[in-house]
Amino acid sequence: MAERSLEQRTADLERIEAIKALKYRYWRACDGKDPAAFRDCFVKGPASIDYGSLGTFEDADELARVFAEIALSEVGGRYAVLDMHHGFHPVITLIDEVSASGAWTLRFRQLNRVDGTELLMTAEYDDAYVLEDGRWKMAKSHVRPLWTIRRPLPEGTEVTQLGWP
């Protein structure tokens, strides 16, 4: 492999950090219940999205619709589902100046006020990224759960929703 200049290596690091920032924006949009920001993390056109039991999608518009339906549903004037996404262990591989692949580990927690359950899950993401209009976007996002725990919230559990209307 040819020796890369300091400028090239710096540009590589900047691309990797921009891709990490994209993924973090995505998870913040998920937890922040922001369908527009969520959708903006994906390419405009066709995409390969496989979210297991949530569905398989050929573009992000339908996924964003499903996300909004779930994330924004309410019970008694409060959100029905509260999520927490924590992503770890990124492995970003630059393919060229405008494309990359990535693998992430997800730690996920969800409180469901409708059925009174807590879901814990860990999963692996397999992503592909492209530079679109000067910004990194996801063109592929496949999620493979490794394990889950679903349990009822104990009697008397109080879920206090803060930070949202």
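How many residues lie between strand 1 and strand 2 in their hairpin, and which residue in the turn has a positive phi? There are 5 residues between the two strands, and G52 is the turn residue, with a phi of about 55 degrees.

A word on the basis of this report. The model is predicted, so local features need pLDDT of at least 70 and side-chain atom pairs count only at pLDDT 80 or more, while totals for chains, interfaces and linings use all residues. Numbering starts from 1 along each chain as its sequence is written, and side-chain values use heavy atoms, with hydrogens and water left out. Helices (H or I, at least four residues) and strands (E, at least two) are DSSP runs, numbered from the N terminus.

**The sheet**

Let's start with the open sheet: 6 strands stand in the order 2-1-8-7-6-5, with mixed pairing. Strand 2 (56–59) and strand 5 each have a single partner strand, so each of these edge strands has one side without a neighbour in the sheet. On average, neighbouring strands are turned by 15 degrees against each other, direction ignored. Two strands pair if DSSP finds at least two bridges between them. Three of the pairings are set out here.

| Strands | Sense and bridges | Residues opposite each other |
|---|---|---|
| Strand 5 and strand 6 | antiparallel, 13 bridges | T93 and S101 |
| Strand 1 and strand 2 | antiparallel, 3 bridges | D50 and T56 |
| Strand 1 and strand 8 | parallel, 3 bridges | I49 and S141 |

Side chains in a regular strand alternate between the two faces of the sheet. Strand 1 (46–50) follows this pattern: A47 and I49 point to one face and are buried, whereas P46, S48 and D50 point to the other and are not. Here buried means under 20% relative accessible area, exposed means over 50%, and partly exposed lies in between (1.4 Å probe, protein chains only).

**Helices against strands**

Helix 1 packs on the sheet and touches strand 5, strand 6, strand 7 and strand 8, its direction making about 160 degrees with that of strand 5. Helix 3 lies across strand 1, strand 2 and strand 5, and runs at about 130 degrees to strand 2. Contact means heavy atoms within 4.5 Å; axes are lines fitted to C-alpha atoms (for helices over the stretch in contact), and angles run from 0 to 180 degrees between N-to-C directions.

**The largest pocket**

The largest pocket holds about 630 Å³ of space. Of its 25 lining residues, Y51, L54, F108, Q110 and M121 are the closest to its centre. A pocket is an open set of points on a 1 Å grid over the protein atoms alone, where a 1.4 Å probe fits, with protein on both sides within 12 Å along at least five of seven lines; lining residues have an atom within 4 Å of a point. The volume is the space filled by probe spheres set on the points, which are joined across faces, edges and corners. Among the elements that each supply at least two lining residues are helix 1 (6–31), helix 3 (60–71) and strand 7 (117–132).

**Two residues with positive phi**

Most residues other than glycine have a negative phi. K33, with a phi near 60 degrees, sits in the loop between helix 1 and helix 2 (35–40) and is buried at 7% relative accessible area. H89 has a positive phi of about 55 degrees, lies in strand 5 and is exposed, at 57% relative accessibility.
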